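Biologist: Please take a close look at one part of this model for me. I would like the helix residues, their burial and their partners in one connected account.

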Amino acid sequence: MKEKRNEKNQVEFMEMAIHELRTPLTVMNLKTEMLLSGFEGKLSKEQKGAITDIDYYIKRMTAILSSILSVLRIDGNAYRFEPEMVSLETLLQEVIQEHEPLAKEKKIVFETEIEHGLVTECDPKFLKIILEN
């Protein structure tokens, strides 16, 4: 009984910590989007490239935190599986696009071969976590 309570407390602590980490990431994400949109003035090519990289890593950190939260919920049986019809081609392209900046930096080329129009019933959030890892 005590172990179960301790485990629940640990999960609650991690959920709270993830929430606290996401809050400043949200603010940073909004600021980088404003900078990239030109709201704060025109950027040089180098500045735009640097801010694009920062924006990518903010989004990546947010995705990592979401993945951790999902795993916590799966382990704690609190994850709700929400299946829907998903285009595998579209989902794969989203994952590739999200990782494109790092791939370019590391000189990695993604090659995919997937049947056009292929769909499946799955939870897209969960499948995205699997593809990203």
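Modeller: Buried means under 20% relative accessible area, exposed over 50%, and partly exposed in between, with a 1.4 Å probe and protein chains only. This is a predicted model: local features need pLDDT of at least 70, side-chain atom pairs count only at pLDDT 80 or more, and totals for chains, interfaces and linings use all residues. Residues are numbered from 1 along each chain as its sequence is written, and side-chain values use heavy atoms, leaving out hydrogens and water.

Start with Tyr56. Tyr56 is buried, because its relative accessible area is 6%. Tyr57 has 38%, so Tyr57 counts as partly exposed. A search of the whole structure finds one aromatic pair (ring centres of Phe, Tyr or Trp, the last by its six-membered ring, within 6.5 Å). Tyr56 and Tyr57 form that pair, with centres 4.9 Å apart and planes at 75°. The pair is therefore edge-to-face, since planes over 60 degrees apart count as such, under 30 as stacked and the rest as tilted.

Now Asp55. Asp55 is found in helix α2; helices are DSSP runs (H or I, at least four residues), numbered from the N terminus. Asp55 is buried, at 11% relative accessible area. Asp55 touches Asn29, Thr32, Glu33 and Leu36 (heavy atoms within 4.5 Å), not counting residues up to four places away in sequence.

Last, Met14. Met14 is found in helix α1. At 34% relative accessibility, Met14 is partly exposed.

How values were computed: Helix = DSSP H or I, 4+ residues; strand = E, 2+ residues; numbered from the N terminus.
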